[in-house]
Amino acid sequence: CEKGIYHIAGEYRGGTIPQGFTLVQVPAARWAKFKCTGPVPSAIQAMNSAIYKNWLATNGTYDLDGTFDIEWYSSELSMSDLNYRSEIWLPVRERS
């Protein structure tokens, strides 16, 4: 995956890939997963700020490992609902 490229994706279950689509394999990794609750984009933005301003600097165990990160969005509620669920997944490695 090229740095700075944003993909909208779903699980590939085999079959023909439609014209204009690209199959991208997510690399195996250890993932730090952060749950977000609340309307998008504000909940995602707030969690990203917390991750980069606080968690990465203070967790003491993990560093980022790679450039591929994932944002997961639930299909259960409206994205503007106060209880909407989303997640941020970041590949990490243990500090040496």
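Start by selecting Arg 85: at 36% relative accessibility, this residue counts as partly exposed. The model on screen is a predicted one. Now add Glu 76 to the selection. Arg 85 and Glu 76 form a salt bridge, with 3.0 Å between the closest N and O atoms. Glu 76 has a relative accessibility of 57% and therefore counts as exposed.

**The whole chain**

Zoom out and colour by secondary structure. The protein has 4 strands and 1 helix, and from the N terminus the order of elements is β-α-β-β-β. The C-alpha trace spans about 45 × 40 × 20 Å along its principal axes.

Switch to a surface view. The accessible surface is about 7,400 Å², and carbon and sulfur atoms hold 51% of it. Of the 96 residues in the protein, 19% are buried. A contact map can be kept open beside the viewer: among contacts with a separation of 6 or more, 69% are between residues 24 or more positions apart.

Colour by charge next. There are 9 positive and 10 negative side chains, and 4 Å separates the centres of the two sets.

**The other salt bridges**

How many salt bridges does the count come to? The count is 4, and the pair of Arg 85 and Glu 76 is one of them.

Select Arg 30 and Glu 94. This pair forms a salt bridge whose closest N and O atoms are 2.8 Å apart. Arg 30 is in strand β1 and Glu 94 is in strand β4, so the bridge ties together parts that are 64 residues apart in sequence. With a relative accessible area of 43%, Arg 30 is partly exposed.

Then select Glu 11 and Arg 13. Their side chains meet in a salt bridge with an N to O distance of 3.4 Å. Glu 11 and Arg 13 are both exposed.

**The segment before β1**

Strand β1 covers residues 30-37, and Tyr 12 lies in the segment that precedes this strand. Select Tyr 12 together with Ile 17, Phe 21 and Leu 23: these residues make a nonpolar surface patch of about 420 Å². Within that patch, two members are worth a separate click.

- Tyr 12 has a relative accessibility of 41% and so counts as partly exposed.
- Phe 21, also placed in the segment before β1, is exposed at a relative accessible area of 61%.

Draw a distance from the C-alpha of Phe 21 to that of Ile 88. The two atoms are 23 Å apart, and the residues are 67 positions apart along the chain.

Move on to Gln 25, again in the segment before β1. Is Gln 25 buried or exposed? Its relative accessibility is 73%, so Gln 25 counts as exposed. A second distance can be drawn here, from Gln 25 to Asn 59: the C-alpha atoms are separated by 29 Å, for residues 34 apart along the chain.

**From β1 to the helix**

Follow the chain past β1 and select Val 40 and Pro 41. The peptide bond joining Val 40 and Pro 41 is cis, with omega about 15 degrees. Most peptide bonds are trans. Pro 41 sits in the loop between β1 and α1, the helix of residues 42-58.

Keep this loop in view and select Pro 39 with Ser 80. Their C-alpha atoms are 4.3 Å apart, although the residues are 41 apart along the chain. Ser 80 is in the loop between β3 (70-73) and β4 (85-94). The relative accessibility of Ser 80 is 53%, which means that this residue counts as exposed.

**Ser 86, a buried stop**

Finish on strand β4, where Ser 86 is found. Its relative accessible area is 1%, so Ser 86 is buried, the cut-off being under 20%.

Which residues is Ser 86 in contact with, leaving aside its neighbours within four places in sequence? Expand the selection around Ser 86 and these appear:

- Phe 34, Lys 35 and Cys 36
- Val 40 and Ile 44
- Trp 72 and Tyr 73

Val 40 in this list is the residue joined to Pro 41 by the cis peptide bond, so two stops of the tour can be shown in one view.

Technical notes: Residues are numbered from 1 along each chain as its sequence is written. This is a predicted model: local features need pLDDT of at least 70, side-chain atom pairs count only at pLDDT 80 or more; totals for chains, interfaces and linings use all residues. Side-chain values use heavy atoms; hydrogens and water are left out. Helices (H or I, at least four residues) and strands (E, at least two) are DSSP runs, numbered from the N terminus. Buried means under 20% relative accessible area, exposed over 50%, partly exposed in between (1.4 Å probe, protein chains only). Contact means heavy atoms within 4.5 Å. Accessible areas come from the Shrake-Rupley method with a 1.4 Å probe; for residues, only the protein chains shown count as cover. Lys and Arg count as positive and Asp and Glu as negative; His and the chain ends are not counted. The place of a charge is taken as NZ of Lys, CZ of Arg, CG of Asp or CD of Glu. Patches are made of residues with over 30% relative accessible area and no salt bridge: like charges are joined within 9 Å, nonpolar side chains (Val, Leu, Ile, Met, Phe, Trp, Tyr) within 5 Å.
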